[in-house]
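The following exchange examines one molecular structure through questions and reasoned answers. Please consult the sequence and coordinates as shown here.

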Amino acid sequence: MTKKLLDGLRILDLTNVLAGPYCAYQLALLGADVIKVETPLGGDLARQLGASAQLNAQGMGASFLAQNAGKRSITLDLKNETDKQHFLQLVATADALVENFRPGVMERLGFGYDTLKVIRPDLVYCAISGFGQDGPMRDNPAYDQIIQGLSGIMSITGTTETAPLRVGYPVADTLGGLFGAFAVVSALLRRSRSGEGAFLDVSMLECTLSALGWPVSNYLISGVEPAAMGNENMTAAPSGSFITGDGLLNIAANKQEQFVALCDEIGRPELANDPRFEKRDERKRRRGELKLLIEQALAQAPAVEWERRFNRRGIPAGRILAIPQILAEDQVIGRKLMTTFPESEGADRLTVVRGGFLVDGEPPMPSGRPPRLGEQTAEILAEIVSQQAIRVRA
């Protein structure tokens, strides 16, 4: 049975689209009761986003389904007086709140941190935004591509001919969500020891720059401005993507012993002692020449065969796969990365991805399907009434 590390904790999810919902999804996977607070008219914008027009029309777009399993949905109009009171009653029962509005929006609604902590003094309040709660950019709208461009990621993605390029998925949004979840859990741990709440100011730009550790440090510490290098590795050679007899193969022979083993495995042991390639710095300077020689040997077999042979020798190597291919691999299936919900209430089967770790050998799976808009509104409001009655009797 999966261990529920956050069992008994309640998280209010006032987020939209990706960074915030992804943050709250990580908490739901760990067993928290995540209540998604949505507007009655449409809810989370991600409900309308995804490759299936039919699902988008149903308010269950693939972008929403990807990161909202295991949550409950309540619809509240935070400009309506009755719903405002319901929301404040809900805050009184919550351990943490996550929102990703622009700075100042929650204050204008009357629900800023200073207001909410009067109701729940130990509340952990996580505000995820593009640039943080202060600074000259704080009010700028921010989507993933904007952050990718500003952070420098695009400047080092691609080759010298093709850069700048956007990374092929919303990496800045995802990093913002991961950092947010990490911050929430850390603040909840402190609260368990001291009883203190916290205000967490998560900046997607800063999260992305923090994750750019090596390129940023090479500039800050060594004064070397990072440049786009395509699939090559600036720290080593041969390390990058190589053409084989069938398919592309990533090889990372970053250590001297790995390079020696590689030369032997491809039938060119003399390359390890060749003055042009004997030392790491020489290999980096002559990476193009070395790559050509290696690819001539790799042409004798397909990528899948070289992957098997290299890994057997301790040489890091892996095919370059498309998403459908990797999801069909025994490694992914065997560790139960995906969970499938059966058909229910006329809905199709749904498969979603969990977090990237196991807990005591068990995968942290979502407790249920992603909710339809407002699906648990009556249920949650009834819980609020019940909890109020208990507090009154106490």
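The questions below concern a predicted model and address its salt bridges and one of its strands.

Q: How many salt bridges does the structure hold?
A: A pair counts when a side-chain nitrogen of Lys or Arg lies within 4 Å of a carboxyl oxygen of Asp or Glu. In this predicted model, the number of such salt bridges is 31.

Q: How many residues apart are Glu-379 and Arg-72, whose side chains meet in a salt bridge?
A: The N to O distance of this salt bridge is 2.5 Å. The pair links distant parts of the chain, since Glu-379 belongs to helix H17 (residues 377–393) and Arg-72 to strand S3 (residues 72–75). Their separation along the chain is 307 residues.

Q: Is Arg-72 buried or exposed?
A: The cut-off for a buried residue is under 20% relative accessible area. Arg-72 has a value of 13%, whereas its partner Glu-379, at 41%, counts as partly exposed. Because its value falls under the cut-off, Arg-72 is classed as buried.

Q: Which residue forms a salt bridge with Asp-95?
A: Asp-95 lies in the loop between helix H4 (81–91) and strand S4 (96–99), and its partner lies in the loop between helix H6 (113–119) and strand S5 (124–129). Asp-95 is buried at 8% relative accessible area, and the partner is buried at 15%. The closest N and O atoms are 3.4 Å apart, and the partner is Arg-120.

Q: What is the N to O distance in the salt bridge of Asp-122 and Arg-120?
A: Asp-122 is buried, as is Arg-120. Their side chains meet in a salt bridge with an N to O distance of 2.6 Å.

Q: Why is strand S1 (residues 10–14) largely enclosed by the rest of the structure?
A: On one side of S1, Arg-10, Leu-12 and Leu-14 are buried, and on the other side Ile-11 and Asp-13 are buried. Both faces are thus covered. Strand S1 is largely enclosed because the number of its 5 residues that are buried is 5.

Q: Which residue of S2 is the bridge partner of Arg-10?
A: Strand S1 is joined by 4 bridges to strand S2 (residues 33–38), and the two run parallel. The chain passes from S1 through helix H1 (residues 19–29) to S2 in a right-handed β-α-β crossover. In S2, the partner of Arg-10 is Asp-33.

Q: Which residue of S4 is the bridge partner of Asp-13?
A: S1 and S4 run parallel and are joined by 4 bridges. In S4, the partner of Asp-13 is Val-98.

Conventions. Residues numbered from 1 in each chain as written. Predicted model: local features only at pLDDT ≥ 70, side-chain atom pairs only at ≥ 80, totals over all residues. Heavy atoms only, no water. Buried < 20%, exposed > 50% of the residue type's maximum accessible area, 1.4 Å probe, protein only. Pairing = 2+ DSSP bridges. Right-handed = clockwise from strand over helix to strand, strands pointing away.
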